[in-house]
Amino acid sequence: LDVSEMKDENGSLWTVTTFNTSLKMSTYLTAFVICDFDYVTRIEQGNEIRIWARKEAVKNGYVDYALNITGPIFSFLEDLLNVSYPLPKTDLVALPDFGVGGMENWGLITFHESSLMYLPSDKFTSRKALIALIVSHELGHQACDVESYLFIFCLFKWFGNLVTMKWWNNLWLNEGLTSYFEYLGAAFVEPMLSLDKIFYDHVVQPVLREDIDTGVRSLSESEDKIKGSFSLMSLFDSITYNKGASITWMLSGFLTEKLFIRALTSYLKEFSFSNANQDDLWTHIQMVIDAQDEVQLPASVKQIMDSWTCQKGFPVLTLNLTTGRITQEQFLNKNENSSDSYNNTWIIPISWMRNGSSQPLMWLDKSSKVFPEMRLSESEYDWILLNVNLSGYYRVNYDQLNLKRLAHLLDNDPKAIPAVSRFQLIDDLFALTHFGYIQIETALELTKYLAKEDELFIWNVVLLNLVPENMESTLRNYEVYPLLKKYLLKRMLPIYHYYAGFIRQNVDALEDDYFAQVYLEKLFATACWLGLQDCLNLSSELYAEWMDNPEYKIPFLIRRTVCCYGVAVGSDKEWNFAWEMYNRSDSTKEDKDILLSAMSCAQESWLLYRYLQYGLSDTLFSSNCTSIMILYVVTKDIGHRIAWEFVTENW
């Protein structure tokens, strides 16, 4: 508001800054930033937006992208929720050192600078997607204190700042709702991104894998359970963020987005500048449901949603499509001999399709129920798919008859099943295998079609389930390696050659392919690991081109794989070049990380031993590199014994 000067009693001159009186707000949203930064600014619907960062970063245009999307996301949220942003300004500050991706302080949102900066020279959209999601998330908090993808994440704080949860046991009202809306905001500013696929891949699927562990909590706990700072901090986890977002996605789906937004607007307006709990949200949704007759629910909103937020875990639906019976039970690890018995029942919305046609939404509100309309006929072309596009937070265990028909369909016309549903079908089957519900052969039947699969995010979930994490070691995987080589390679060839063509001829054409940017490396690393000669040749060619011209840039999408296998199929000449590049003064931290790993890929024992010896030198490496280098070597087939001998000799 005002800056003045004042002398104290000792005659020292002080600068006094006077601020406007804040709105009524939660104290945890207060922030001050003292810095020597510069900023860029714009006005959006009367609201001044400024992005602050180090002066050279602002001068080089690194925060221009963040500025360009912040205003549109704000406007999108205001229009969507019909709630005006109550402050006259919004500052976003890029901090060089910050413990989290972003924090939604009201009107002064702070970020780690990596979450806010986009280099104009960076052609690829995965960085943009990250920034868009993080900003959108934190802006979303600016209305209802409703982070991972932090820029859109911070913009979406409509949930938490304007309306804050009454106590931390309902933290998901802040973070879960915001995590859902961040994807809507990102899709608005980056329509080229397949954000529905990204949501399933990055949010729903990972939390389904976690929400089964012994000791996992429910989304909403009772207040008396959440006391003390330790239990509070433990709430900032994937259950709060990802499960909260997944449940919100499901809720919006069965209500329709129109009714869901109408209820949220009512909720935000009633509880502005105050606190609420999840029952308050359920009340406002119920009011909207009661005022119309399009959407009919089998129970009250509170009964339906409490079954998802107050019970831990999630259900698996088991189908018998000869009779049409569907049974639900909690999805558990059947490989563990647990004495615990669970009788949890959820009220489950079932979206489904038959032979490619969407069917009316059904509800399973008891442990078992017969749906006559879901009985399969004798025709082999009659098939049923549940939980279409992963609209519900549960897994599906089909009977053998339907699985056989789905496998036949995938083999003949995979696109007859939506991409997200193919992703879900494969992930469900491998999860059912892993946790003792079905045999691995059942899951593999549904992967026979993969030569016709052109979606990288689906290939990634296949590789995630089939390829061991410690991929470098064939010794540890001596039983499965030859089987994977025989089974996977021939199915990988079409998608491998499709992308290899871009790598060789026009890699820039992939700049809008988000999944190529995040998953192509895994595909190529697997192909090389399985000994695909073209993959090894391509790595060798690109590495040789870099050696001939050190200014040449190996395609970023497969750089780690190329450097590793370039060294692996080469000799000391290739290794020495990696060492030389590692020590260049202009090498970035990321360059060094990739090259440090690549040098451990050498196939000659003496090179690995020299590499480990270098690791002991304080002048060549920082001390924290030594253990990393040993770990890199120990995972390699020829490195395992070398690393052990090295450690014992140099204990």
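The following questions and answers go through a predicted model of one protein, from the whole chain down to single residues.

User: What kind of model is this, and how are its residues numbered?
Analyst: This is a predicted model, in which local features need pLDDT of at least 70, side-chain atom pairs count only at pLDDT 80 or more, and totals for chains, interfaces and linings use all residues. Side-chain values use heavy atoms, with hydrogens and water left out, and residues are numbered from 1 along each chain as its sequence is written.

User: How many helices and strands does the protein have?
Analyst: Helices (H or I, at least four residues) and strands (E, at least two) are DSSP runs, numbered from the N terminus. By that count the protein has 24 helices and 17 strands.

User: What radius of gyration does the protein have, and what does the globule rule give for 651 residues?
Analyst: The radius of gyration is taken over C-alpha atoms, and the globule rule is 2.2 Å times the number of residues to the power 0.38. For 651 residues the rule gives 26 Å, and the protein comes close to that, so it is as compact as a globular protein of that length. Along the principal axes, its C-alpha atoms fill a box of roughly 90 × 70 × 50 Å. The radius of gyration itself is 27 Å, against 26 Å from the rule.

User: What percentage of the residues of the protein count as buried?
Analyst: Buried means under 20% relative accessible area, exposed over 50%, and partly exposed in between (1.4 Å probe, protein chains only). Under this definition, the buried part of the 651 residues is 55%.

User: How far apart do the centres of the positive and negative side chains lie?
Analyst: Lys and Arg count as positive and Asp and Glu as negative, while His and the chain ends are not counted. Each charge is placed at NZ of Lys, CZ of Arg, CG of Asp or CD of Glu. There are 54 positive and 83 negative side chains, and the distance between the centres of the two sets is 4 Å.

User: How far apart are the end C-alpha atoms of helix α8, and why does that agree with its 18 residues?
Analyst: The expected span of a helix is 1.5 Å times one less than its number of residues. Helix α8 covers residues 238-255, so its 18 residues should span 26 Å. The distance between its end C-alpha atoms agrees with this, at 24 Å.

User: Which residue caps the N-terminal end of α8?
Analyst: The contact to look for is between a side-chain oxygen and the backbone nitrogen of Ile239, and it spans 3.2 Å. At the other side, α8 is followed by Thr256, whose phi is positive, near 85°. The residue that caps the N-terminal end is Asp237.

User: How many residues of α8 are buried, and which backbone oxygen does the side chain of Thr240 reach?
Analyst: Helix α8 is mostly covered, with 16 of its 18 residues buried. Thr240 lies in this helix and is buried, since its relative accessible area is 2%. Its side chain makes a contact of 2.5 Å with the backbone oxygen of Leu235.

User: Which side chain does Asp211 contact?
Analyst: Asp211 sits in the loop between α6 and α7 (228-233), and a relative accessible area of 1% makes it buried. A polar contact is a pair of N or O atoms within 3.5 Å; within protein, one must be able to donate a hydrogen and the other to accept it, and residues adjacent in sequence count only if both atoms are side-chain atoms. At 2.9 Å, the side chain of Asp211 is joined to that of Tyr393.

User: Is Asn389 buried or partly exposed, and how far is its C-alpha atom from that of Lys197?
Analyst: Asn389 lies in the loop between β16 (384-386) and β17 (395-397), and at 29% relative accessibility it counts as partly exposed. Lys197, in helix α6 (residues 195-210), counts as buried at 17%. The two are 192 residues apart along the chain, yet their C-alpha atoms are separated by 9.2 Å.

User: What is phi of Asn355?
Analyst: Most residues other than glycine have a negative phi. Asn355, in the loop between β13 (348-354) and β14 (357-364), has a positive value. At 38% relative accessibility this residue counts as partly exposed. Phi of Asn355 is near 50°.
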